[in-house]
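User: I'm new to reading structures, and I'd like to know how labels get attached to residues. Can we go through this one together?

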Amino acid sequence: MRIGVLTGGGDCPGLNAVIRAVVRKGVSVHGHEFVGFRDGWRGPLEGDTMPLDIQAVRGILPRGGTILGSSRTNPIKIEGGVDRIKDNLRATGVDALIAIGGEDTLGVARQLYERGVKVVGVPKTIDNDLSGTDYTFGFDTAVNIAMEAIDRLHTTAESHHRALICEVMGRHAGWIALHAGMAAGANVILIPEKPFDIDRVCEYVESRFRTRYSPILVVAEGAHPIEGQLELQTGELDAFGHVRLGGIGELLAKEIEKRTGKEARTTVLGHIQRGGTPTAFDRVLATRFGLQAIDAAHEGDFGTMVALRGTDIVRVPLSEATAELKTVPVSRYAEAEVFFG
Ligand code: F6P
């Protein structure tokens, strides 16, 4: 078979590890050929390819980002997009696709599969918000980066008797905030799944100051106050209709200063959480996903996504994996709340 590989959506550490595993096993065990499509769905949409053989994947295991490039191109929104992809797959002699991406990229994969394209999905995202898999690769790296940053905030916060807020990514799921905040001993963690009460947040801040320690707050970019408490700004939309998030940390700092009279400052980690080398956990998970994905393609098991269940790598229908977002359950947040204040 000749198999096309693409990486779509926000990049994350571990993408290259998947590409390497797919190509290494695909060539040496199954005897397939590969072609790389550049920049997510833009590649097959425009027929933009690059060579993808064993030589091309040498040395990429520890490298962050993706050698194929990525984009948030949504071919479903483009007039005639699906037919253009089908034509380009035919023209480049590609029999099947391995699409590595999150909710959006795999949502497109599902729709293409329903319209006759042979595709296998691999779940990636630092947000860890894909159903059907216990973890996505990229998440562990992002959490470790955020944890290290929060550890560093503790010491400087205490020197200056300030409240320090760390704003992390995660879109509409609070997984990064929850795990990084728990791992780094945050005094308050705010996630999108539970609208926060600003009065309560200020109480936690004040009680922490009373113990002569400085409060550290971790806020997910998608967190928001109980309706009517504070006014939020809205950002622009991307091709998948997602609003660009960010700014809640700054808003929170202003409000805490106003209400408590204590200095509050914000650090926004932003894309630092997505850059650089993957952790060992993400390298192994990404590699195992890649090995399973090429087996699925080889066996003709299309319309599936590889997934982690416990310690096993399994296959689940793309339709199940993209049906709804996996958000933080109330019980998981309650575990973290024990340490607030
Ligand atoms: O989905 C991954 C993610 O990093 C989110 O956590 C964040 O909201 C978004 O992508 C940022 O997107 P962009 O790379 O377009 O700034």
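User: Which polar backbone atom is 3.0 Å from an oxygen atom of the ligand?

Analyst: That's a polar backbone atom of Gly170. Before we go on, this is a predicted model, where local features need pLDDT of at least 70, side-chain atom pairs count only at pLDDT 80 or more, and totals for chains, interfaces and linings use all residues. Residues are numbered from 1 along each chain as its sequence is written, and side-chain values use heavy atoms, with hydrogens and water left out.

User: What makes the pair of Asp127 and the ligand a polar contact?

Analyst: A polar contact is a pair of N or O atoms within 3.5 Å; within protein, one must be able to donate a hydrogen and the other to accept it, and residues adjacent in sequence count only if both atoms are side-chain atoms. A polar side-chain atom of Asp127 is 2.7 Å from an oxygen atom of the ligand, so this pair fits within 3.5 Å. His271 has an N or O atom in its side chain 2.9 Å from a ligand oxygen. As for cover, the protein hides 79% of the 400 Å² of accessible area that the ligand has on its own (Shrake-Rupley method, 1.4 Å probe; for residues, only the protein chains shown count as cover).

User: Which residues are around the ligand?

Analyst: Here's the list: Arg72, Ile126, Asp127, Met169, Gly170, Arg171, Glu221, His271 and Arg274. To be near the ligand, a residue needs a heavy atom within 4 Å of it.

User: How many residues of each class does that shell have?

Analyst: There are 2 nonpolar, 2 polar and 5 charged residues. Asp, Glu, Lys and Arg count as charged; Ala, Val, Leu, Ile, Met, Phe, Trp, Tyr, Cys and Pro count as nonpolar; the others, Gly among them, are polar.

User: Why is Arg171 called buried?

Analyst: Buried means under 20% relative accessible area, exposed means over 50%, and partly exposed is in between (1.4 Å probe, protein chains only). Arg171 has 15%, so the label is buried. Arg171 is found in the loop between S6 and helix H6 (175-183). Helices (H or I, at least four residues) and strands (E, at least two) are DSSP runs, numbered from the N terminus.

User: What is unusual about the phi of Arg171?

Analyst: Most residues other than glycine have a negative phi. Arg171 isn't a glycine, yet its phi is positive, near 55 degrees. His161 also has a positive phi, of about 55 degrees, and isn't a glycine.

User: Is His161 buried or exposed?

Analyst: Exposed, because its relative accessible area is 55%. You'll find His161 in the loop between helix H5 (139-160) and strand S6 (163-168).

User: Why is Glu158 called partly exposed?

Analyst: Its relative accessible area is 30%, so it falls in the in-between class. Glu158 is in helix H5. Its C-alpha and that of Arg274 are separated by 28 Å, with the two positions 116 residues apart along the chain.

User: Helix H4 next: is Asp104 buried or exposed?

Analyst: Asp104 is buried, because its relative accessibility is 11%. This residue lies in helix H4 (residues 103-114), and a polar contact of 2.8 Å joins its side chain to that of His242. Glu114 is in helix H4 too, but at 52% relative accessibility Glu114 counts as exposed.

User: Where is Gly69, and why is it called buried?

Analyst: Gly69 lies in the loop between strand S3 (49-51) and helix H3 (81-91). With a relative accessible area of 18%, Gly69 is under the 20% cut-off, so it is buried. Gly69 and Gly9 are 60 residues apart in sequence, with 9.7 Å from C-alpha to C-alpha.
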